[in-house]
Amino acid sequence: EEMNGTGPLRCEGSCHCGAVQYTVTLTADGFTKADRCNCSICRMRGAVVVAAPHDGPVGRDTGVNVHKGWGNDEESPSPSSSLPSPSSSSSSSSLTLYTYLTNTAQHYFCKVCGIYLFHVRRSNPLFYSVNVAALKGVSPFDTDKFGSIVVVDGANNHPSDTGRGYHVVGHLTYNPLTTASTTTTTDTTTTTTDNA
């Protein structure tokens, strides 16, 4: 990750296998407004996300710029092109799109390793939500960077359905074990060892 003076925070991102690589420029909030959502797809994928602006063609704008994974990477799409749609995705492209219900939210995954990378938001299509775990050097378990993660109610009070902002329904906090106490889980038992 890099800060350009007082400018936006830029990060490199990729899927697990490296078939899709991209650059993200986060909103001014950076990592301070990371959140999780409890809607059906967010609940199942479990990602912590941050915001990036969506101000041009999907994947070729200020917020997210995909530079590997389009298919024929020697001939990446021009800036006026957008990411693949379900019907137009080439068989050689590693990036794939999933939409459902209203088709407003556009969820992008690597079709090789299956990692969720980012999506165009249903609540505000002028922004992406970006999976922090797919950003180089960033971990959702970094307590100095994230602390308590806000959980918003996309399942029952989605802003696109209610006309209001998100309702906070909880917080997630990662509390790492100390080195003096570790927990080991096997198929049939859980063993806790106290090294103190």
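Leaving aside neighbours within four places in sequence, Val-64 is in contact with Tyr-22, Thr-23, Pro-53, Gly-59, Phe-118, Tyr-128 and Val-130 in this predicted model. Val-64 belongs to strand S6, which spans residues 64-68. The protein has 196 residues, of which 37% count as buried, and its secondary structure comprises 3 helices and 14 strands. Of the contacts between residues at least 6 apart in sequence, 45% join residues at least 24 apart.

**Surroundings of Val-64**

- Val-64 has a relative accessible area of 0%, and it therefore counts as buried, the limit being under 20%.
- Val-24 is 40 residues away from Val-64 in sequence, yet the two C-alpha atoms are 4.6 Å apart in space.
- Arg-10 and Val-64 are separated by 54 residues in sequence and by 9.8 Å in space, C-alpha to C-alpha.
- Arg-10 is located in strand S2 and is partly exposed, with a relative accessible area of 32%.

**Strand pairing around S3**

- Strand S3 is largely enclosed by the rest of the structure, because 4 of its 5 residues are buried.
- S3 pairs with S2 in the antiparallel sense over 5 bridges, and Cys-11 stands opposite Val-24 of S3.
- The connection between S2 and S3 is a hairpin with 6 residues between the strands, and Gly-18 in its turn has a positive phi of about 85 degrees.
- S3 is also joined to S6, through 4 bridges, and these two strands run antiparallel.
- Within this S3 and S6 pairing, Thr-23 has Asn-65 of S6 as its bridge partner.
- In a regular strand, side chains alternate between the two faces of the sheet.

**Nonpolar cores**

- The largest nonpolar core holds 32 residues, and Tyr-22, Phe-31, Phe-118 and Val-130 have the most contacts inside it.
- At least two residues of this core come from each of the strands S2 (9-14), S3 (21-25), S5 (49-53), S6, S7 (95-98), S8 (106-110), S9 (116-120) and S10 (127-131).
- Strand S9 makes the greatest contribution to this core, with 3 residues.
- Another core lies apart from this one and has 5 residues, among them Cys-39, Ile-41, Cys-42 and Val-152.
- In soluble globular proteins, nonpolar side chains tend to be buried together.
- Beyond its neighbours within four places in sequence, Val-130 is in contact with Val-24, Val-48, Val-49, Val-50, Ala-52, Val-64, Leu-117, Phe-118 and Leu-135.
- Phe-118 is thus listed among the contacts of Val-64 and also among those of Val-130.

**Largest pocket**

- The largest pocket encloses about 710 Å³ of space.
- Its lining consists of 39 residues, and those closest to the centre are His-119, Arg-121, Ser-123, His-158 and Tyr-166.
- Two or more lining residues are given by each of strand S4 (35-37), helix H1 (40-45), strand S5, strand S10 and helix H3 (159-162).
- Helix H1 gives the most to the lining of the largest pocket, with 4 residues.
- By class, the lining of the largest pocket comprises 17 nonpolar, 14 polar and 8 charged residues.

**Second largest pocket**

- The volume of the second largest pocket is about 150 Å³.
- The residues that line the second largest pocket are Arg-36, Gly-46, Val-48, Pro-140, Phe-141, Thr-143, Phe-146, Gly-147, Ile-149, Leu-172, Thr-173 and Tyr-174.
- Helix H2 (143-146) and strand S12 (168-173) each contribute at least two residues to the lining of the second largest pocket.
- By class, the lining of the second largest pocket has 7 nonpolar, 4 polar and 1 charged residues.

**Loop between S7 and S8**

- Leu-101 is placed in the loop between S7 and S8, and it has a positive phi of about 50 degrees although it is not a glycine.
- Leu-101 has a relative accessibility of 77% and so counts as exposed, for which the limit is over 50%.
- Asn-103 is also placed in the loop between S7 and S8, and its phi is near 65 degrees, a positive value in a residue other than glycine.
- Asn-103 counts as partly exposed, at 44% relative accessibility.

Conventions. Residues numbered from 1 in each chain as written. Predicted model: local features only at pLDDT ≥ 70, side-chain atom pairs only at ≥ 80, totals over all residues. Heavy atoms only, no water. Buried < 20%, exposed > 50% of the residue type's maximum accessible area, 1.4 Å probe, protein only. Contact = heavy atoms within 4.5 Å. Core = buried A, V, L, I, M, F, W, Y, C linked by side-chain atoms within 4.5 Å. Pairing = 2+ DSSP bridges. 1 Å grid on protein atoms, 1.4 Å probe; cavity = no way out; pocket = protein on both sides within 12 Å on 5 of 7 lines; lining within 4 Å. Points joined across faces, edges and corners; volume = space filled by probe spheres on them. Nonpolar A, V, L, I, M, F, W, Y, C, P; charged D, E, K, R; others polar.
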